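Reader: Hello! I am new to this structure and would love a close look at one single part of it. Could you walk me through it?

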Amino acid sequence: MSLRNIGIVYRKELMDSLRDRRTLISTIVMPLLLIPAMTIGFGSFAISMVKKAEKEVPKLMILGGEDSPGIVSALRSLPDAVFVPASDDYARQITNKVVRAAVRIPAGFEASLHGGDPASVEIYVYEGELKSEFGAQKFRAFFDDLRQRTIESRLAARNLSPAILRPFVVTKKNVAPEEKVGAAFSSAMLPYLVILMCLTGAMYPAMDLTAGEKERGTMETILTSRVSRTHLVLGKFLLVLTASIATALLAVTSMGFSSHMAATMFAKDLPPAAAQQFRLSISPQALAAVFVLVVPVAVLFSAALLAISLFAKTYKEAQSYISPLMIVVIVPAVASLMPGVELNWRLALVPILNTSLVSKEIFTGTYHWNFIGAILASSCVYAAAALATAVHLFQREDVLFRT
Amino acid sequence: MPSEPLIQVRDLSKHFRTFRRRPGIWGGIQNLFVRDYKTVEAVDRVTFDISQGEMVGYIGPNGAGKSTTIKMLTGILVPTSGEVRVGGFVPWRDRTNYVRTIGVVFGQRTQLWWDIAVIESFHLLRKMYDVAQRDFDERMALFGEILGLKDYLHTPVRKLSLGERMRCDLAAALLHNPPLLFLDEPTIGLDVVAKDHIRKFLTAVNERFRTTVLLTTHDLDDIEALCRRIIIIDRGRLLYDGPLELLKQRLLRTKQVKFVMRDAEACARLAALPIDGLQMETVDELTCRVRFDRTKVDTGDLVRQVLARVEVRDLVIEDESIEDVVKRIYAGEALREVSLQ
């Protein structure tokens with residue numbers, strides 16, 4: 001094994017890649033631009049949508065209530081709402097977003113309020129539709145208030161204190177450390193992002209260094225050089241690994257920066273707890289631990305991508321093999337984001353998912369050392385197997401010169 | 001030559017298994033399920049020797065097996081059967097030590113790195129082949145002089161013209177002073193001036209360092225300028241191995257000149273030329289082609305005579321293509337007497 005020859009190949013590929021626009025875009029530009037754009041862009045888009053929905057003066061409809069003029073006129077005097085005449089096809093109008101919400105006041109409602117008989121008011125809403133929910137909220141607030149006042153006046157009429165209805169109070173208090181609560185959203189996202197970036201960073205150089213080289217016809221020329229095939233594939237592999245790790249590091253840096261920006265930008269628009277969701281509060285130790293865990297994953301990706309694209313004859317063919325792999329990788333990475341998926345011994349052996357899950361724990365400050373050890377070991381085994389496959393494929397004439 | 005040949009090739013064969021694609025949509029669907037494999041004999045029991053200092057042309061039509069032979073001789077491919085010994089090495093067995101003793105240039109592809117300056121590729125190759133800095137400088141000065149590399153050493157390869165790139169590739173292949181040089185179509189796609197440059201350089205290297213050269217080519221002018229011996233293969237089989245002169249006498253005798261005339265009557269006047277052994281062929285109203293035996297008719301003489309009598313707008317002198325020569329060998333012409341000596 002000659003480190004010098006591997007170094008020569010590495011240096012050559014590095015010089016070549018630094019001049020290749022596709023590699024530069026996927027390694028550097030993507031994480032540096034895409035992540036801030038996604039975090040800040042998506043965040044501000046969501047906030048502006050909510051605000052717009054809140055600002056809208058909803059069109060509402062009152063059905064019935066002919067014998068309850070007091071209630072109807074109180075409803076009609078609600079601020080920031082427009083009332084349209086009652087119509088039998090209220091359901092269709094709500095569905096078509098002509099009217100945001102409607103309320104049906106039962107016959108003799110006012111009389112039953114005074115008489116103390118139970119009555120039922122129905123609010124019609126387009127469920128899940130934000131603006132309709134805001135419209136319905138106006139009705140709900142009005143009737144909640146009316147019910148409260150009715151209870152209080154009934155209690156007063158019987159000379160009872162309103163406190164009789166509240167024999168005790170329940171309050172909820174957070175005891176988890178600040179960083180665990182605050183970073184819930186970002187810490188769940190981060191492992192997923194790091195793993196995905198390891199993959200995208202490795203993708204283009206892996207294809208370019210194998211299938212691309214075959215396509216340009218330079219594979220033969222490099223094979224006639226003094227460098228052995230093993231050194232050649234190891235040099236190429238190291239470059240792909242560099243790109244993979246560089247992309248992931250840039251992504252984390254970029255994520256840290258943009259989440260800080262987002263939290264600051266949205267502080268005035270969101271309640272503090274929600275704005276805190278954007279803030280990444282991760283200790284340097286956690287970052288270092290996750291980095292150690294991610295390296296074997298990056299090795300796995302780099303070697304696997306190299307082996308797969310070596311098999312392809314052209315860049316295009318390599319792309320069509322690798323696109324499905326993206327999905328294969330995204331599924332376990334996303335699975336770790338799902339609620340209820342917790343680290344256990346079986347999942348600790350599933351590549352990618354294990355790293356994603358344990359990173360999530362580490363980012364929230366929990367270190368399960370036995371899991372960390374097992375995951376590191378299993379990831380190393382997978383990575384070594386992938387690398388051995390890539391080296392082996394490089395010795396095979398029918399793979400290198402596939403026709 | 002009494003000393004042992006530098007290259008010894010015995011019964012060399014390389015077979016590839018390829019799958020036969022059925023035509024059409026239905027064929028395409030069938031291909032997915034049932035694959036019909038066939039064995040292609042790219043190189044079939046080829047035997048030859050090449051001595052130190054020789055320049056040998058390895059020629060044949062497209063798909064004849066030239067490149068496959070070169071790939072086996074350079075150690076990239078392992079033969080299906082047969083033996084090869086080059087300077088004591090079995091190329092594919094001890095490849096990394098063997099390649100120190102050879103230089104390889106593939107005409108249509110470069111071993112220089114596409115996006116980086118030529119000189120950087122040279123430096124990387126210097127390290128790869130452990131060439132001492134002094135030897136490197138000496139050689140660069142020499143190549144700079146014969147090949148005129150200095151002007152574009154700092155240009156990335158992708159910005160070079162094909163001719164410039166080929167010169168750089170040749171320099172790269174010879175950087176470690178190998179005693180043996182393999183060239184696969186070194187002049188393909190080059191213009192006349194660039195071809196001439198490459199040929200002069202190869203002659204100079206061969207004379208100065210006694211570098212053995214094996215080159216494959218389509219261009220008979222390359223062969224004529226460089227080689228005294230040629231090997232012809234077709235469909236993997238050896239067709240001819242011997243002096244170029246002999247082949248020329250027996251087979252490459254026909255030369256043709258295409259004349260484009262000013263008026264239609266000129267063609268008729270051309271036919272009345274008082275030279276024996278001319279075959280006339282009318283291409284169109286104003287163009288005709290004259291074929292003749294070059295051992296009997298001097299090309300310069302013919303052209304001079306025609307120009308003296310007829311008004312000619314343009315003329316093209318052509319050799320027979322290598323494909324035509326191979327076709328004629330197949331047709332049985334002079335095959336026995338030439339190839340088996």
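Author: Gladly; what follows is a look at one strand and its surroundings. This is a predicted model, in which local features need pLDDT of at least 70 and side-chain atom pairs count only at pLDDT 80 or more, while totals for chains, interfaces and linings use all residues. Residues are numbered from 1 along each chain as its sequence is written, and chains are lettered from A and ligands numbered from 1 in the order in which they are written.

Let us begin with the setting. By an automatic or database domain assignment, chain A is divided into domain 1 (3-34 + 178-400) and domain 2 (57-162). The C-alpha centres of these two domains of chain A lie 56 Å apart.

Now to the part itself, strand 3 of chain A, residues 101-105. Strands here are DSSP runs of E with at least two residues, numbered from the N terminus. Four of the five residues of strand 3 of chain A are buried, so this strand is largely enclosed by the rest of the structure. Buried means that 20 or more other C-beta atoms, placed from the backbone, lie within 10 Å of a residue's own.

Next come its partners; two strands pair if DSSP finds at least two bridges between them. Strand 1 of chain A (residues 59-64) pairs with strand 3 of chain A in the parallel sense, over five bridges. Strand 4 of chain A (residues 122-125) runs antiparallel to strand 3 of chain A, and four bridges join them.

A:Ala101 takes part in both pairings: A:Leu60 stands opposite A:Ala101, and in strand 4 of chain A its bridge partner is A:Val125.

Methods. Buried ≥ 20, exposed ≤ 12 C-beta atoms within 10 Å, placed from the backbone.
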